[in-house]
Amino acid sequence: MTTTATRPRPLPVVLYFSGDVAARKAIKGILNFTCAAWRSGTSHHKKGAVLLSSCERTLHEHWTRWRGDERLRVIALSDERFRDAGLDRAVYAYLPVHTPPPLVERMVENAFSDIRVSGMRQYSDQRLDEADWQIDELNRIGTALSAEHDTHKLLEMILTKSRQITRADAGSLYLVEDTDGERRLRFVLAQNDSVAIHFRESTMEINPQSIAGYVALTGGTVNLTDAYKLPRGVPYSINRNFDEASGYRTKSILAVPLRNQKDEMLGLVQLINCKRDPAVKLSTQAAVDAEVTAFTQQHQELATSLASQAAVALENNRLVEDIKRLFEGFLRASVIAIETRDPTTCGHSFRVANLTLGLAEACERAGLLHFTPEQMREVRYASLLHDFGKVGVREDVLVKAQKLYPLQPELVRQRFQLAACATETELLRDRLRFMLQHGPESYLREQDRFDAELARQLGELASFRETIEKANIPSLLPEGSFERLEQIAAHSYKDAEGQCQPLLTRDEVRLLSIRKGSLDDDERRQIEAHVEHTYHYLSQIPWTKDLRNVPQIARAHHEKLNGQGYPRQVAAAEIPLQARMIAICDVYDGITACDRPYKKAATPEQALDILATAAANGEIDGELFRIFREARVYEAVPSNPQEMAVEPDFPREV
Ligand SMILES: [Fe+2]
Ligand SMILES: [Fe+2]
């Protein structure tokens with residue numbers, strides 16, 4: 001059998017100055033307090049003390065030592081108030097010099113009670129202040145978390161703030177990831193104020209054998225005083241590899257789950273080593289022993305509260321990322337679908353977007369312009385979608401590579417075959433008629449003349465066809481071509497029904513008479529209308545504030561600084577810088593991207609010469625072009641010959 005000795009609780013202390021006879025007399029016989037003479041250098045009891053003094057002068061001599069001490073109450077044995085106003089204010093109660101001890105004792109009790117109440121009030125005030133600070137801090141953190149849209153920075157912030165608010169020396173962050181139905185924990189972040197860490201992302205199984213796995217699996221919180229002394233029966237163990245390699249000592253651990261509004265597990269935050277003083281580094285075992293404490297219930301509540309805010313912010317960021325990805329995917333699919341209409345333009349929009357971003361970065365490096373990430377995104381969307389309106393252009397016009405539409409040359413060929421047959425038939429009739437009238441001997445003498453006439457007429461048809469084929473190529477028409485086409489159109493042949501038909505229709509003559517390029521005025525207008533279509537379609541998209549200028553930028557990509565562009569022929573001041581950048585990249589890609597049926601792709605040098613001329617003519621921005629050329633922006637953008645494209649609307653004739 002064992003007995004436990006209980007130590008007597010110390011009694012509150014009543015002090016007096018040793019020469020103060022009245023004070024000593026007043027407390028004579030007091031049993032519930034320890035009465036002691038004040039001695040220089042001594043400190044009163046931590047529960048506080050009452051000083052009984054009948055002498056203002058003596059009190060004055062020692063008063064500076066106690067001034068402001070909330071745990072001391074002065075009871076003055078005096079028949080009048082002290083003359084020193086400061087001392088007078090410091091007196092808790094005046095008692096007449098000859099107050100009987102029982103009444104003094106009662107007043108002493110009151111004084112101690114006042115010390116206790118004051119202490120409790122102070123403690124309450126402190127707790128209230130702390131709670132206020134914590135609420136403010138959680139609000140500040142919540143605001144900061146919700147304002148951070150960069151997921152990596154958000155994760156950094158979650159871990160940093162969780163450590164700050166719980167005074168944790170180190171911490172790590174894990175996210176649950178789901179790959180094809182298999183859930184794993186990804187170790188995404190680690191921080192440590194005391195030792196350097198060489199962090200590498202990794203994944204681990206979600207099982208109860210590790211603390212992180214246990215929290216992810218159960219959704220519970222783990223709060224350990226000492227990781228090396230685990231409570232009995234817990235399923236997890238501690239991996240000491242990091243500690244052994246770095247010399248660190250993991251002691252207290254607090255692991256809290258990150259759960260979204262639907263109570264789904266997003267991940268967890270693991271906090272390590274709660275410190276008394278956040279500034280101290282835990283570089284020795286002694287420092288760990290002296291500084292590390294367990295995470296309190298309050299820490300746990302704070303970390304849990306922060307974790308729930310963090311999970312919401314993380315979930316919001318993920319949703320925003322998902323929406324962005326969705327939009328990107330939709331954008332990509334739309335651009336590909338539009339470019340598929342014309343195989344020769346395939347990849348053009350992506351290349352222009354890459355070139356434009358390259359130019360924007362080069363401008364930034366040159367100190368000419370600065371783009372925020374949001375502005376870069378705006379430039380990217382505008383450049384990617386600059387030809388979006390091609391979806392509204394008739395496909396036969398969009399892909400028109402020659403002056404005649406693809407079926408027309410075949411019709412012309414068949415017509416000429418028919419004309420040749422008709423010519424031969426007509427001449428055969430002439431031969432037969434001649435033979436019947438003049439006899440075979442006469443015909444044989446004239447046969448060469450008939451043959452020569454047939455050859456002449458067939459040769460003429462062949463010559464007409466050659467002219468038409470040449471005229472169909474969208475290059476500059478040689479002098480006299482119009483007249484020649486009109487001559488051909490004036491020729492006719494007899495069809496199977498004996499009706500005279502022209503060798504060329506009026507529509508064919510009109511198209512073949514296009515002086516430059518493959519498009520007539522109406523077709524060119526249709527092509528140029530793609531810019532307004534782009535603006536119209538893009539204006540239907542409810543762009544965010546950051547991206548609201550995308551339609552206007554895209555609309556201006558064919559405007560020229562000298563006011564001779566299209567569709568609105570606006571002046572330079574009205575052409576956004578982003579549109580000027582797109583214009584340069586658009587032209588460059590349009591003339592270098594691939595061989596056309598009638599023209600080889602320009603080399604980069606040739607394209608730069610063409611752009612230099614355009615800059616000299618005030619069509620494109622000379623300063624932006626200078627950077628485009630000097631920074632060799634066009635070399636940084638890879639171009640796959642399989643995806644080479646041609647800009648059909650600019651400039652087919654260059
Ligand atoms: Fe365009
Ligand atoms: Fe374009």
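**Domains, sheets and helix packing in a predicted model**

The domain assignment divides the protein chain into domain 1 (13–120), domain 2 (149–319), domain 3 (341–396 + 522–643) and domain 4 (408–517). The model is a predicted one, and within this model the C-alpha centres of domain 1 and domain 4 lie 135 Å apart.

One may begin with the open sheet of five strands, whose order is S2-S1-S3-S4-S5 and whose pairing is parallel. Its edges are formed by strand S2 (34–37) and strand S5 (91–95), and because each of these has a single partner strand, one side of each is left without a neighbour in the sheet. On average, and with direction ignored, neighbouring strands of this sheet are turned by 25 degrees against each other. At the S5 edge, the partner is strand S4 (residues 72–77), which runs parallel to S5 and is joined to it by four bridges; in this pairing Leu77 stands opposite Leu95 of S5.

A set of antiparallel pairings is centred here on strand S6 (residues 168–179), which is joined to strand S11 (residues 265–275) by seven bridges, and to strand S7 (residues 182–192) by ten bridges. In the pairing with S11, Ala170 stands opposite Ile272, whereas in the pairing with S7 the bridge partner of Ser172 is Ala190. S6 and S7 form a hairpin with two residues between them, and Asp180, which lies in the turn, has a positive phi of about 50 degrees.

The helices can be followed through three packed pairs. Two packed helices are described by the angle between their axes and the distance between the axes. For helix H4 (residues 101–147) and helix H9 (residues 297–340), the axes come within 9 Å and cross at roughly 15 degrees. Since angles under 35 degrees count as roughly parallel, H4 and H9 are therefore roughly parallel to each other, and H4 passes H9 in a right-handed crossing. On the H4 side the contact involves Gln134, Leu138, Ile141, Gly142, Leu145 and Ser146, which meet Leu302, Ser305, Leu306, Gln309, Ala310, Ala313 and Asn316 in H9. By class, the residues of this contact divide into seven nonpolar, six polar and no charged.

The second pair consists of helix H10 (residues 348–365) and helix H18 (residues 577–592), which pack at an angle of about 130 degrees with their axes 9 Å apart. That angle makes H10 oblique to H18, and the crossing of the two helices is right-handed. H10 contributes His348, Arg351, Val352, Leu355, Thr356, Leu359 and Ala360 to the contact, while H18 contributes Met581, Ile582, Ile584, Cys585, Asp586, Tyr588 and Asp589. Nine nonpolar, two polar and three charged residues make up the contact of H10 with H18.

The third pair is formed by helix H13 (residues 408–472) and helix H14 (residues 481–490), whose axes come within 10 Å and cross at roughly 130 degrees. H13 and H14 are therefore oblique to each other, and H13 passes H14 in a left-handed crossing. In this contact, Phe464, Thr467, Ile468 and Ala471 of H13 meet Ser481, Arg484, Leu485 and Ile488 of H14, and the classes represented are five nonpolar, two polar and one charged.

Notes. Residues are numbered from 1 along each chain as its sequence is written. Chains are lettered from A and ligands numbered from 1 in the order in which they are written. This is a predicted model: local features need pLDDT of at least 70, side-chain atom pairs count only at pLDDT 80 or more; totals for chains, interfaces and linings use all residues. Two strands pair if DSSP finds at least two bridges between them. Axes are lines fitted to C-alpha atoms, for helices over the stretch in contact, and angles run from 0 to 180 degrees between N-to-C directions. Angles under 35 degrees count as roughly parallel, over 145 as roughly antiparallel, 65 to 115 as roughly perpendicular and the rest as oblique. A crossing is left-handed if the near helix is turned anticlockwise from the far one by less than a right angle, and right-handed if clockwise. Two residues are in contact if their C-beta atoms, placed from the backbone, lie within 7 Å. Ala, Val, Leu, Ile, Met, Phe, Trp, Tyr, Cys and Pro count as nonpolar, Asp, Glu, Lys and Arg as charged, and the others, Gly among them, as polar. Domain bounds come from an automatic or database domain assignment.
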